[in-house]
Amino acid sequence: MEKELEHFDISEFADAVPREHFTDEYENNNYEPAGPKTALVAIIGRPSSGKSTFLNTASGEPVSIVSPIPQTTRNAIKGIVNTSFGQLVFVDTPGYHISEKKLNLKLQQVARDQLEAGECVLYVIDATRDIGEEEQMTAELIKPYASKTVVAINKIDIAGTKPEHVRKFIRAVLPEIPEDRIVNISAKNDIGINDVLKSLYDLAPEAPHLYPEEYYTDQEVGFRIAEVVRGQAINRLTDEIPHALYVDISDMEFKKGGKELWVRAFLCVERDSQKGIVIGKGASMIKTIRIESIKELRKIFDYRIDLDLQVKVVKNWRQKDPILNKLMNE
Ligand SMILES: Nc1nc2c(ncn2[C@@H]2O[C@H](COP(=O)(O)OP(=O)(O)OP(=O)(O)O)[C@@H](O)[C@H]2O)c(=O)[nH]1
Ligand SMILES: [Mg+2]
């Protein structure tokens with residue numbers, strides 16, 4: 001029989017992750033308090049358009065997993081940008097992919113909820129791809145929110161892209177969006193990001209900030225660790241495995257007077273054959289994922305992370321509501 005997923009209370013780790021260098025900046029007096037504007041900005045777009053890359057570049061921290069595999073992001077992940085104009089809280093969302101599968105329907109819902117919730121919308125379009133049915137549908141989805149939308153035409157660093165073509169499409173389907181709110185960018189190479197921020201600040205109202213300035217994300221420690229491990233895994237695995245994988249943090253405990261956090265995590269896959277691949281020859285794959293995850297986690301946290309990483313099979317988890325709900329609501 002399949003083993004039940006264990007549920008541990010990790011609420012005591014509920015603190016978000018503070019900005020690493022904030023204290024130094026503060027003590028050296030070279031930081032400027034954020035200005036009066038505040039907005040929640042939903043980042044919407046098709047899978048692989050570069051939403052997470054934008055979030056990471058704008059917030060200056062790798063808060064969201066980037067990978068060449070479509071449908072990498074599964075949650076509404078926040079990245080916070082503070083400037084002299086104010087605070088923008090970006091909400092990364094799963095790529096909008098048209099499919100009736102249970103996991104996809106849940107991912108679509110995560111994206112739609114954020115459209116409604118935010119003061120602004122950032123619509124990211126991949127300029128290397130032809131405008132197809134899915135792009136049309138994404139634009140339609142955004143239509144009711146056009147008055148609060150900025151469009152980023154992404155990947156202009158790639159030779160041969162035709163941003164004018166995309167611009168024409170936007171002018172046709174979303175004529176309510178003025179020309180100066182359609183910006184050519186390279187999220188990867190940090191081109192045009194400031195212009196996007198400026199356009200968003202123009203739309204943002206003056207309001208109390210949503211987060212203290214030392215935070216660059218609202219993710220709980222357990223979720224952050226799970227996402228770092230998932231990122232290391234999916235960027236080393238191919239075919240269906242990245243989609244068939246999730247990370248379950250089953251236990252965490254501070255040790256050595258708070259200097260070390262011990263974490264037990266499971267890389268969960270759907271089938272035995274996938275388990276063998278994730279473990280690898282002589283356990284080489286799982287070892288690499290563990291070591292590279294620890295390296296990443298060291299950059300994020302002040303304390304050492306001791307990671308016990310194992311692989312387990314959770315048959316057909318993508319069809320199971322309790323697991324999907326747990327993953328989506330984290
Ligand atoms: N050359 C280039 N590649 C980019 C740019 N932005 C993103 N990419 C690449 O596009 C791929 C997808 O990027 P992501 O940021 O993961 O895309 P996403 O929209 O978050 O994808 P989902 O989470 O799957 O919806 C990755 O391989 C990125 O490195 C860009 O400006 N230029
Ligand atoms: Mg993403």
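Leaving aside neighbours within four places in sequence, L122 is in contact with V41, I43, V150, A152, V196 and L200. The model in which these contacts occur is predicted. L122 belongs to the largest nonpolar core, a set of 49 residues, and is among the members that touch the most others; V41, I43, V151, A152, I153 and L200 are also in that group. Strand 5 supplies the largest share of this core, with six residues. A second core of 29 residues is separate from it and includes V221, A226, C268 and L327. In soluble globular proteins, nonpolar side chains tend to be buried together.

L200, a contact of L122, is located in helix 6. L200 has 26 other C-beta atoms within 10 Å and therefore counts as buried, the threshold being 20 or more. When residues up to four places away in sequence are not counted, L200 touches A39, V41, L88, C120, L122 and V150. V41 and L200 are thus both contacts of L122, and V41 is also touched by L200. The C-alpha atoms of L200 and K148 are separated by 8.5 Å, although their positions lie 52 residues apart along the chain as counted from one to the other.Helix 3 comprises 16 residues, 102-117. At 1.5 Å a residue the helix should span 22 Å, and its end C-alpha atoms are 23 Å apart, which agrees. The buried residues of helix 3 are L107, V110, A111, Q114 and L115. These residues cover an arc of only 140° around the axis, which puts them on the same side of helix 3. The other side of helix 3 carries L105, Q109, E116 and A117, which are exposed. The cover over the buried residues of helix 3 includes strand 2 (37-45), strand 4 (86-92), strand 5 (120-126) and helix 10 (321-329).

A similar description can be given for helix 4. In helix 4 (residues 133-142), the buried positions are E135, T138, A139 and I142. Their arc around the axis is only 100°, which puts them on the same side of helix 4. The exposed residues E133, Q136 and E140 are found on the face turned away from that buried side. Packing against the buried residues of helix 4 are strand 2, strand 5, strand 6 (149-154) and helix 5 (163-173). Strand 2 and strand 5 are named in the cover of helix 3 and in the packing of helix 4.

The exposed residue E116 of helix 3 was examined together with the segment that follows helix 4. E116 has 10 C-beta neighbours inside 10 Å and so counts as exposed. E116 and Y145 are 29 residues apart in sequence, and their C-alpha atoms are 8.1 Å apart in space. P144 lies in the loop between helix 4 and strand 6. With 11 other C-beta atoms within 10 Å, P144 is exposed. The C-alpha atoms of P144 and E116, 28 residues apart along the chain, are separated by 9.6 Å.

The surroundings of ligand 1 consist of 24 residues, of which G50, S52, T73, G95 and K188 are the closest. Helix 2 (residues 51-59) contributes the largest share of this shell, three residues. By residue class, the shell holds seven nonpolar, 13 polar and four charged residues.

Two residues other than glycine have a positive phi and are described here. D190 has a phi of about 60° although it is not a glycine. D190 is placed in the loop between strand 7 (182-184) and helix 6 (193-203). D190 has 13 other C-beta atoms within 10 Å and is therefore partly exposed. In K256, which is also not a glycine, phi is near 50°. K256 is part of the loop between strand 9 (246-255) and strand 10 (260-269). K256 is exposed, with 11 other C-beta atoms within 10 Å, the limit for this class being 12 or fewer.

Technical notes: Residues are numbered from 1 along each chain as its sequence is written. Chains are lettered from A and ligands numbered from 1 in the order in which they are written. This is a predicted model: local features need pLDDT of at least 70, side-chain atom pairs count only at pLDDT 80 or more; totals for chains, interfaces and linings use all residues. A residue is near a molecule or strand if its C-beta atom, placed from the backbone, lies within 6 Å of it. Helices (H or I, at least four residues) and strands (E, at least two) are DSSP runs, numbered from the N terminus. Ala, Val, Leu, Ile, Met, Phe, Trp, Tyr, Cys and Pro count as nonpolar, Asp, Glu, Lys and Arg as charged, and the others, Gly among them, as polar. The expected span of a helix is 1.5 Å times one less than its number of residues. The arc is that of the directions from the helix axis to the C-beta atoms. Two residues are in contact if their C-beta atoms, placed from the backbone, lie within 7 Å. A nonpolar core is a set of buried Ala, Val, Leu, Ile, Met, Phe, Trp, Tyr and Cys residues joined through C-beta atoms within 7 Å.
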